[in-house]
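Colleague: I should be grateful for a close look at one part of this model, namely its largest pocket, together with an account of the surroundings in which that part is set.

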Amino acid sequence: MSNNFYKYLKYVALLIIIFELIYFGIPDFMKPVLFYEYLVFFGISYLFAILQDFFNPSEKTDILLRVAIIISSIVMSITSIYYKATFSFAFSVIMFDALSFSLYLTIKQNKKNKQKD
């Protein structure tokens, strides 16, 4: 039971964040463009997490969603440079590095599995 609780906790956190954003709106210190880019980035990330947890996506879907998240982080970093948002730039670069490495490991694992077959 404890394992299932933690599995669904991230979805409860997502709902809380969505309701908070609807209630409070966009923070004054954040540019609306950056806000919407963060929304797209986390939306694609949660879509990826939902597919991984509840469905068994194909290799192509898995790689495609990872590439979409990587592209979203690149766009976020370019916008962060334009608006001189240091924290957003650092976050997007770290996420780009981590997700690119994750994609590399996934492709490497898929190639290794195909060679065994």
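**The largest pocket and its setting**

Modeller: The largest pocket encloses about 430 Å³ of space. Helix 1 and helix 2 are the elements that each contribute two or more residues to its lining. In total, 16 residues line this pocket, and those nearest its centre are Ile17, Leu21, Phe35, Leu39 and Phe42. These values should be read with the origin of the coordinates in mind, as the model is a predicted one.

The two helices named above may be placed in the chain as a whole. Four helices and zero strands are present, and the order of elements from the N terminus is α-α-α-α. Helix 1 covers residues 2-24, while helix 2 covers residues 32-54. Taken along the principal axes, the box filled by the C-alpha atoms is roughly 55 × 40 × 20 Å.

Helix 1 also holds a residue that belongs to a surface feature. Isoleucine 16 is located in this helix, and it joins Phe5, Tyr6, Leu9 and Val12 in a nonpolar surface patch of about 520 Å². The relative accessible area of isoleucine 16 is 51%; because the threshold for an exposed residue is over 50%, isoleucine 16 is classed as exposed.

Helix 2 offers a contrasting case in alanine 49, which lies within residues 32-54. Its relative accessibility is 16%, and since buried means under 20%, alanine 49 is counted as buried. When neighbours within four places in sequence are set aside, the contacts of alanine 49 are with Lys10 and Tyr11. In sequence, lysine 10 and alanine 49 are 39 residues apart, yet their C-alpha atoms are separated by 9.3 Å in space.

That pair leads to the contacts of the chain in general. Of the contacts with a separation of 6 or more, 69% are between residues 24 or more positions apart. As for burial, 21% of the 117 residues in the chain are buried. The accessible surface of the chain amounts to about 8,800 Å², and carbon and sulfur atoms account for 70% of that area.

To return to the part requested, the pocket of about 430 Å³ has Ile17, Leu21, Phe35, Leu39 and Phe42 nearest its centre, and helix 1 and helix 2 are the elements giving two or more residues to its lining.

How values were computed. Residues numbered from 1 in each chain as written. Predicted model: local features only at pLDDT ≥ 70, side-chain atom pairs only at ≥ 80, totals over all residues. Heavy atoms only, no water. Buried < 20%, exposed > 50% of the residue type's maximum accessible area, 1.4 Å probe, protein only. Contact = heavy atoms within 4.5 Å. Patch = residues over 30% accessible without salt bridge, like charges linked within 9 Å, V, L, I, M, F, W, Y side chains within 5 Å. Areas by Shrake-Rupley, 256 points an atom, 1.4 Å probe, with all protein chains shown as cover. Salt bridge = Lys/Arg side-chain N within 4 Å of Asp/Glu carboxyl O. 1 Å grid on protein atoms, 1.4 Å probe; cavity = no way out; pocket = protein on both sides within 12 Å on 5 of 7 lines; lining within 4 Å. Points joined across faces, edges and corners; volume = space filled by probe spheres on them.
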